Amino acid sequence: MNTPVQSWIKLDKLILVAGHAVYIGKNSSAADKDESWTLKNFQKGEPPRYIEHVRFAVELTASLPNSLLVFSGGQTRLEAGPRSEGQSYWLLADQFSWWGHLAVRDRSTAEEFARDSFENLLFGIARFRQCTGHYPRSIAVVGWKFKRERFNFHRQTLRWPGDAQHFQYQGVNDPDDLGGSLQGEAKVLTAFKQDPFGTQEPLRSKRDRRNPFHQ
């Protein structure tokens with residue numbers, strides 16, 4: 001294991017942001033434009049929502065001096081090159097100067113291997129331990145409102161306590177096409193309930209497709 005960051009050893013709360021796409025923009029003035037991201041067709045128009053996720057997490061971290069902010073997501077887009085979702089979210093926050101909360105920059109990092117929501121949570125916890133030398137006492141996940149049930153299921157799979165002192169899900173917003181998102185979410189949640197660790201089909205193939213550099 002890597003040597004923990006000395007200033008992070010006493011941190012005990014994980015603020016986790018699950019990535020959805022890779023940000024490739026050059027400056028904050030165009031960060032909300034589709035062309036500043038590598039998007040799938042169903043994600044068109046969603047970048048302003050992603051920015052809200054990042055800003056909410058930064059502000060939450062700023063309000064909790066004992067927290068470490070982890071942006072999670074792997075190198076899921078071939079066209080983005082070797083830039084991960086997690087790293088790109090960090091760079092996005094940096095372009096916005098952390099919305100005035102510059103101290104959060106020194107309490108933030110990226111997890112760059114996750115390919116789905118289960119790995120976001122699992123690898124996010126592992127990244128926290130790698131950076132601090134211990135596991136978090138509590139976790140706050142920041143993301144879509146409609147994914148609350150899925151992350152709560154992942155928490156149960158990992159046997160993480162579900163009371164408010166140990167786990168919170170912060171749903172920030174929803175996509176415009178909430179109906180379509182809910183239909184897709186129902187299928188994914190059903191698949192995870194049948195295969196909690198995502199090692200079988202169809203979840204395994206979805207992970208493989210989100211790892212284009214290792215096909």
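**Exercise 1. Find which residues Thr157 touches, leaving out residues up to four places away in sequence, and decide whether Thr157 is buried or exposed.**

Solution. Start with the contacts in this predicted model. Leaving out residues up to four places away in sequence, Thr157 touches Phe118, Pro196 and Phe197.

Next, place the residue: Thr157 belongs to helix 4.

Now use the accessibility. Buried means under 20% relative accessible area. Thr157 has a relative accessible area of 16%, so Thr157 is buried.

Finally, look at the rest of the helix. Arg150, Phe151, Phe153, His154 and Arg155 of helix 4 are buried too, along with Thr157. Their cover includes strand 1, helix 3, strand 6, strand 7 and helix 5.

**Exercise 2. Follow the chain past helix 4 and decide whether Ala164 is buried or exposed.**

Solution. Helix 4 is followed by Arg159, which has a positive phi, near 60°. Further along, Ala164 sits in the loop between helix 4 and strand 7.

The cut-off for exposed is over 50%. Ala164 has 55% relative accessibility, so this residue counts as exposed.

For a sense of position, take Leu68 as a reference point. Ala164 and Leu68 are 96 residues apart in sequence, and their C-alpha atoms are 18 Å apart in space.

**Exercise 3. Describe how helix 4 and helix 5 pack against each other.**

Solution. Two packed helices are described by the angle between their axes and the distance between those axes.

Helix 4 covers residues 148–157 and helix 5 covers residues 178–194; they pack at an angle of about 10°, with axes 10 Å apart. Angles under 35 degrees count as roughly parallel, and helix 4 and helix 5 are therefore roughly parallel to each other.

Then list the contact residues. Helix 4 brings Glu149, Arg150, Phe153 and His154, while helix 5 brings Glu185, Val188, Leu189, Phe192 and Lys193. Sorted by class, this contact of helix 4 with helix 5 has four nonpolar, one polar and four charged residues.

**Exercise 4. Do the same for helix 1 and helix 2: what is their crossing angle, and which residues make the contact?**

Solution. The axes of helix 1 and helix 2 come within 10 Å and cross at roughly 75°. The range from 65 to 115 degrees counts as roughly perpendicular, and helix 1 and helix 2 are therefore roughly perpendicular to each other.

The contact is formed by Tyr50, Ile51, Val54 and Val58 of helix 1 with Tyr89, Leu92 and Ala93 of helix 2. By class, the contact of helix 1 with helix 2 has seven nonpolar, no polar and no charged residues.

**Exercise 5. Trace the largest nonpolar core and name the element that gives the largest share.**

Solution. This core has 27 residues, and Trp37, Val54, Val58, Leu69, Phe71 and Trp98 touch the most other members. Strand 1 (13–18), helix 1 (47–63), strand 4 (67–72), helix 2 (85–95) and strand 6 (138–144) each give two or more residues to this core. The largest share, six residues, comes from helix 1.

Zoom in on one member. Val54 touches Phe71, Tyr89, Leu92, Ala93 and Trp99, not counting residues up to four places away in sequence.

Apart from the largest core lies another core, of 17 residues, including Val70, Leu121, Cys131 and Phe167.

**Exercise 6. Work out the strand order of the open sheet, then examine strand 4.**

Solution. The sheet has five strands in the order 5-4-1-6-7, with parallel pairing. Strand 5 (108–111) and strand 7 (167–173) are the edge strands, each pairing on one side only. On average, neighbouring strands of this sheet are turned by 25° against each other, direction ignored.

Now check the pairing of strand 4. Six bridges join strand 4 to strand 1; Lys13 has Ser67 as its bridge partner in strand 4, and Ala18 stands opposite Ser72. Four bridges join strand 4 to strand 5, where Ala110 is the bridge partner of Phe71.

Then look at the two faces. In a regular strand the side chains alternate between the two faces of the sheet. In strand 4, Ser67, Leu69 and Phe71 are on one side, Leu68, Val70 and Ser72 are on the other, and all are buried.

Last, add helix 3 (residues 117–132). Helix 3 lies across strand 1, strand 4, strand 5, strand 6 and strand 7, running at about 135° to strand 1. Helix 4 also packs on the sheet, touching strand 1, strand 6 and strand 7, and its direction makes about 160° with that of strand 7.

Note on methods
Residues are numbered from 1 along each chain as its sequence is written. This is a predicted model: local features need pLDDT of at least 70, side-chain atom pairs count only at pLDDT 80 or more; totals for chains, interfaces and linings use all residues. Side-chain values use heavy atoms; hydrogens and water are left out. Axes are lines fitted to C-alpha atoms, for helices over the stretch in contact, and angles run from 0 to 180 degrees between N-to-C directions. Angles under 35 degrees count as roughly parallel, over 145 as roughly antiparallel, 65 to 115 as roughly perpendicular and the rest as oblique. Contact means heavy atoms within 4.5 Å. Ala, Val, Leu, Ile, Met, Phe, Trp, Tyr, Cys and Pro count as nonpolar, Asp, Glu, Lys and Arg as charged, and the others, Gly among them, as polar. A nonpolar core is a set of buried Ala, Val, Leu, Ile, Met, Phe, Trp, Tyr and Cys residues joined through side-chain atoms within 4.5 Å. Buried means under 20% relative accessible area, exposed over 50%, partly exposed in between (1.4 Å probe, protein chains only). Two strands pair if DSSP finds at least two bridges between them.
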